[in-house]
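Trainee: I would like to go through this model with you, one question at a time. Where do we begin?

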Amino acid sequence: MASIPSKKKNNPGRVGGKAPFLGQWGMFFRQFIKHPGMVGSVIPTSATVVNRMLDQVDWQKCRLFVEYGPGVGTFTHAVLDRLHPDATLLAIDLNLDFVAYLEAQSADPRLKVVHGSAADVRRFIKEAGHAHADYILSGLPFSTLPAGVGEAICAETHAALTPGGAFLVYQYSRYVLRLLNPLFGEVHDDREWRNIPPCCMFRAVREQALAKAA
Ligand SMILES: C[S@@+](CC[C@H](N)C(=O)[O-])C[C@H]1O[C@@H](n2cnc3c(N)ncnc32)[C@H](O)[C@@H]1O
């Protein structure tokens, strides 16, 4: 299934156009063989899921968009296509080979790729010169992460979001719901069947700050 959306708006920094189709899939598959638990999937996410996830974003308002687990950039390029010219995309991946691959794919100055864990998202946001993220998108395989890591990432994500900001999660299982429900006031639950395998899509919204009593 194709993994790069066709919408092209604001993305001038793409180096050398689209990566060869089999090159991307080959890279992804090789990393899955090396680190199955960390990568969590044999093929990248479909364009249908990419578009449905990103259609939930208010691109006019978004100034900091964070992506966890960009891999070969399936979502990254689509985010850059939509991202406001003054906004930043912070992409965090634990796999150094994916980080190097992604850096070679884009020279867009709005993209900052960092090597590390999503559990350190607040530090990375601060180092990028921001206080909070407007949106955080996750492709992390929560059900195969080491014990306690998913819990830590979700708690840090909640703290890293601006009030009213959203954590957008796509997954092949509903496992992550048990991590999201205790933290977020509002969790939306959807499904996309036109993906191999069918994909669960969640949107967890950080509650707005309560107005101070007079
Ligand atoms: C299922 S792949 C998703 C790739 C891509 N976003 C897609 O949709 O095709 C999961 C990605 O999460 C990354 N990852 C796993 N654990 C991580 C962590 N703790 N912090 C950041 N990235 C992590 C992996 O290296 C991999 O790139």
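Mentor: Begin with Phe142. At 2% relative accessibility, Phe142 counts as buried (under 20% relative accessible area, with a 1.4 Å probe and protein chains only). Two cautions apply: this is a predicted model, where local features need pLDDT of at least 70, side-chain atom pairs count only at pLDDT 80 or more, and totals for chains, interfaces and linings use all residues. Residues are numbered from 1 along each chain as its sequence is written, and side-chain values use heavy atoms, with hydrogens and water left out.

Trainee: Where is Phe142 found?
Mentor: Helices (H or I, at least four residues) and strands (E, at least two) are DSSP runs, numbered from the N terminus. Phe142 belongs to neither kind of run here; its place is the loop between strand 4 (133-138) and helix 7 (149-160).

Trainee: How far apart are the C-alpha atoms of Phe142 and Ser173?
Mentor: Along the chain, Phe142 and Ser173 are 31 residues apart. In space, their C-alpha atoms are separated by 8.9 Å.

Trainee: Is Val176 buried or exposed?
Mentor: Val176 lies in the loop between strand 5 (161-171) and helix 8 (177-180). Its relative accessible area is 0%, so Val176 is buried.

Trainee: Which residues are closest to the ligand?
Mentor: The shell takes in residues with a heavy atom within 4 Å of the ligand. It holds 25 residues. The closest are Val39, Thr45, Gly69, Asp93 and Tyr170.

Trainee: How many residues of that shell are charged?
Mentor: Ala, Val, Leu, Ile, Met, Phe, Trp, Tyr, Cys and Pro count as nonpolar, Asp, Glu, Lys and Arg as charged, and the others, Gly among them, as polar. The shell divides into 15 nonpolar residues, nine polar and one charged.

Trainee: What lies 2.8 Å from a nitrogen atom of the ligand?
Mentor: Look at the polar atoms around the ligand. A polar side-chain atom of Thr74 is 3.1 Å from a ligand oxygen atom. A polar backbone atom of Ala118 is 2.9 Å from a ligand nitrogen atom. At 2.8 Å from a ligand nitrogen atom is an N or O atom in the side chain of Tyr170.

Trainee: How much of the ligand's accessible area does the protein cover?
Mentor: On its own, the ligand has 610 Å² of accessible area (Shrake-Rupley method, 1.4 Å probe). The protein covers 97%.

Trainee: With which side chain does Arg110 make a polar contact?
Mentor: Arg110 lies in the loop between helix 5 (96-105) and strand 3 (111-115). Its relative accessible area is 8%, so Arg110 is buried. A polar contact is a pair of N or O atoms within 3.5 Å; within protein, one must be able to donate a hydrogen and the other to accept it, and residues adjacent in sequence count only if both atoms are side-chain atoms. At 2.6 Å, the partner is the side chain of Asp108.

Trainee: Which peptide bond is cis?
Mentor: Most peptide bonds are trans. Look at the loop between strand 6 (186-192) and strand 7 (199-205), where Pro197 is found. With omega near -10°, the cis bond runs from Ile196 to Pro197.

Trainee: How far apart in space are Glu192 and Thr48?
Mentor: Glu192 is found in strand 6. It is buried, with a relative accessible area of 2%. Glu192 and Thr48 are 144 residues apart in sequence, and C-alpha to C-alpha the distance is 8.0 Å.

Notes: Buried means under 20% relative accessible area, exposed over 50%, partly exposed in between (1.4 Å probe, protein chains only).
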